[in-house]
Amino acid sequence: MNVPILSIVTFLPLAGAVLFIFIGRERENLLRYLALFITILTFIISLYLYFNFNAQTPEPQFVEKAAWIGYGINYHIGIDGISLYLVLLTTFLMPIVILSSWTYIQKRVKEYLIFMLLLQTGIIGVFVALNLFLFYVFWEAMLIPMYFLIGIWGGHRKIYATVKFVLFTMLGSLLMLVAIFYMYSLFYKATGTYSLNIFDYYRMMLNPSVQIWLFLAFGLAFAIKVPMFPFHTWLPDAHVEAPTAGSVVLAAVLLKMGTYGFLRFALPLFPDALQKFLPVLAVLSIIGIIYGGLMALIQKDVKSLVAYSSVSHMGLIMLAVFALNFEAVEGAIYQMLNHGLSTGALFLCVGILYERAHTRLIKDFGGVSKQMPIFSAFFMIFMLSSVGLPGLNGFVGEVLCLFGVFKTSTLFAVLGVTTVILAAAYLLWMFQRVMQGPITNQKILTFKDLRIREIVYLVPIVIMMFWMGIYPQTFLRKMDTSVTHLLNQVNKREAIFTKSQDGKENYPPYILIESEDDKQEPPKEEEESR
Amino acid sequence: MNNIYALSPLLIIVAASLLVLLLEVFIKRENRNYLAYVSMIFLIACAAVCAQFWNRFYSYFDGNLILDNLSLFFSFILALATFLIILLSMKYLTLQDTNYGEYYALLLFALSGMIIMISSRDLIVIFLGLEVLSISSYALAGLRRSDEKSSEAAIKYFLLGSFASAFLVFGIALLFGAVQSTGIAPIVEYFQSASTLSLMALVGLGFVVIGFGFKIAVVPFHMWTPDVYQGAPTPITAFFSVGPKAVGFAVLLRIFYPYFRDALDSQLIFSLLWIVSVLTMIVGNLIALRQTNVKRILAYSSIAHAGYLMVAILASDRESLVFYLTVYLFMNIGAFASVIALGRKDHEYLELEDYRGIGFKYPWIGATFSVFLISLAGFPPTGGFLAKFYVFSAAVREGLISLVIIGVLASLVSVFYYLRIIIMMYMREPAYEVDINIDNPALFLVLFLCLYGVLQLGIFPGNILVLIKQAVSSFPLL
């Protein structure tokens, strides 16, 4: 296969953004249609990945490798069963997001669309990168478009929110960078060659005491991104101030970068440190679940309610990740997709309301469903999906997560269930206050129901929600081997260390396992890279 | 190889400056741009000669002037920097009414001083080069004669500069007393082999470091920087921020690379430099937070960058240091070029408030300025990120983890003030009309070249890295 399909998916939006520079800013509709076209094209190409994905192997697929800067810095991308869906989620949501801001964004349309497209490249890049340098480049580069999206098109406190967002994220990621340097130098000392290849690092067994620091550095970066309690404070600000499309991308995809980071890096690289921190991490997740839920209950603003619901839901996902068994991890990945869809959709609904009412305060609404019956139906479905109603996607994910957690710890599972209870409470109550009851505000009488454009971008989400809720096999079966492989990595490495641990107190900071692939065909890889 | 060719880059520049001085008499005031063209032709010639001599290792004056690859590399990029500065100045000088004929000659003299410094391995010769550079710099800083700030800058620079020169000479004298030589090679050898170091030698070395610390503006020798940067004409500020810094670090590299690599008893000097590096990163970045004048922000940012460069010295990693300096040259000149682009006749827009809404009014200037700021802040995929990546990863490899953690946290702080300029440009509505003169093709050429440099070095630095590797591999040529 010679077509670099994964690179095309990653960089097509970037190419679009470059193209945009040469189009006059006054041709706004052309720009919008072009952005829509590019994102839809990206989505269609990314479907190729899904259909040609081999579910039997945990190895990364569609791998592309090329020499880049040297010193271990290579262009190396590929996807496995975990990143496949996150890439698809991104490409799926992007056209929707572009459509949703069709009329909402009226000023500086050109720059807005450029940043959206850059953002897409950044996000997909994070999910496909298999070289730590490349990963870090995308991880950081993606901050810049998001910074502008919140800062230029955001609400009243946009500057505060966007600076906080950037500084929080950077704090974590810079410390992660130091940890990357450390592993980079360890690998160099162990082998005499430079490498930033993630698979080389998987083979490097680190001394548990070293692992602790590295895990803390990586974990902090990812925990801020997820965000886990107590690093969540940037999230409500960023969500509330961001334009609708920004919130959707932030909630649906950006937060997943954190959980993805845990799955791809923190878990398999530092399993011993992980074991030490598991109780703390689980408790933090639970606090996140309950705290996020309670905060959501008392919010006056619909958007910040949805934002806090994110904190709560992401808590459940993290709890499931840390349960470290098959059901839980698979449930967590599935729930990542569900959360992307349902929270993204809820933000879209808030955006639709805001475009009509220019307010997001719950008390300004009431009885909207009388005026907007179609919207009401959509909103209801999204809300129920987020609550976890059987038949919709949220249910499958939550059940898997909770089953898995239950296997590990009954107490945590019981506490974890509060996500669902609290979600039902704050979402239904919000729905009741906003959509039902008498129309108290005369302004609501002027609301028009959904336009065709709005229906067009909401319908695919509804279809996906039912599909994922009724027949999850389509999605789950392609994850199985990757998840099993991941858990094997985590568990096998523990075994190795317990063996080498007995009797000895002083062991080197790293042990390098020879991999079988190395012996078989190292020269071939060299050729490919050229 | 002892060969008179070794003098040619230097001779070209000196000839150019003398010619420009002479021509000035015959050229009418409104035609002074021709002086710039003449200077640029000679700079191109100098750069071409440097490229031609690559890998040839000429030397002259009994080896007191050597053209190893390192000095060729630096001569080349300094000639390039001067070229960019001249492009920046052409319109600026007319607009600011400071179009003196000496301007270009002084710039070229300063460049020749730098080439002397970079191509010598004797401290006395280095000192001579430094003086040539410094005296031209003092004059350049005070070029806007009618402006109080400019005169203040010149006086301040002169007083503190001579003080630093005195330290340097004193240090050289002490080293001579201990080592019986002023050559870098014998001095380094002395430090490596002496069983007990004499206090005199250590103090001498310390004084030399202080002398250079002033030029590269590390804390606590940075006091002059903000005022001089603010007062000097903006192209000259750009010149100060890259030229002397690059040379100072190159000379320090010549002294300290072999020293740290082999000397046993380097702990004292090492910890002193460690402290200097940490202080520079912290103080530079923290004070920059409170500034409201863009030139001052860039001044403190250049102090902070000196701190990161010190990390490379401490890690004694030559390649990352040279790479960082190369990237720094492009991004800093680019940033100052953007500031100049936002000026107009008799007035420069330098306060943060002036930048409100500029990004949308002048999209190209805004976008390029943002790229330079993002690069200075160290975001990928710009050169600034890769430079920091190399420096800090080299330091971690040498086990300087706490230093690197301080470094990355300091650069986190720096993100805030770089972003503040971007916030002004894109996220605030303009409070008043800012009217600038955008009819300046030379300046846009500079912006474009710097943008190209920053992105090329950030995304495909391959060829430059190979050159840098060659530049430092032939070294130390003792």
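Start with the second largest cavity of this predicted model: by class, 10 of its lining residues are nonpolar, two are polar and two are charged. To find the spot, select A:Leu174, A:Leu177, B:Gly378, B:Phe385 and B:Lys388, which lie nearest the centre of this cavity among its 14 lining residues. The space inside comes to about 90 Å³.

Next, colour the elements around the second largest cavity. Chain A brings α5 (132-141) and α7 (158-191), while chain B brings α16 (383-397) and α17 (401-427); each of these gives two or more residues to the lining.

Now move on to the largest cavity. Which residues should you select to land nearest its centre? Pick B:Leu95, B:Ile340, B:Gly343, B:Asn437 and B:Asn440, five names from a lining of 14 residues. About 110 Å³ of space lies in there.

Show the secondary structure around the largest cavity, and look in chain B for α3 (69-95), α13 (318-341), β3 (343-344) and α18 (441-459), the elements that supply two or more lining residues. Which of them gives the largest share? That's α3(B), with three residues.

Try colouring this lining by residue class too. In the largest cavity you'll get seven nonpolar residues, four polar and three charged.

Before you close the viewer, how many cavities of 30 Å³ or more does the count give? It comes to 11, so there's more to browse if you roll a probe the size of a water molecule over the atoms, which shows where empty space is left.

Definitions and conventions:
Residues numbered from 1 in each chain as written. Chains lettered and ligands numbered in written order. Predicted model: local features only at pLDDT ≥ 70, side-chain atom pairs only at ≥ 80, totals over all residues. Heavy atoms only, no water. 1 Å grid on protein atoms, 1.4 Å probe; cavity = no way out; pocket = protein on both sides within 12 Å on 5 of 7 lines; lining within 4 Å. Points joined across faces, edges and corners; volume = space filled by probe spheres on them. Helix = DSSP H or I, 4+ residues; strand = E, 2+ residues; numbered from the N terminus. Nonpolar A, V, L, I, M, F, W, Y, C, P; charged D, E, K, R; others polar.
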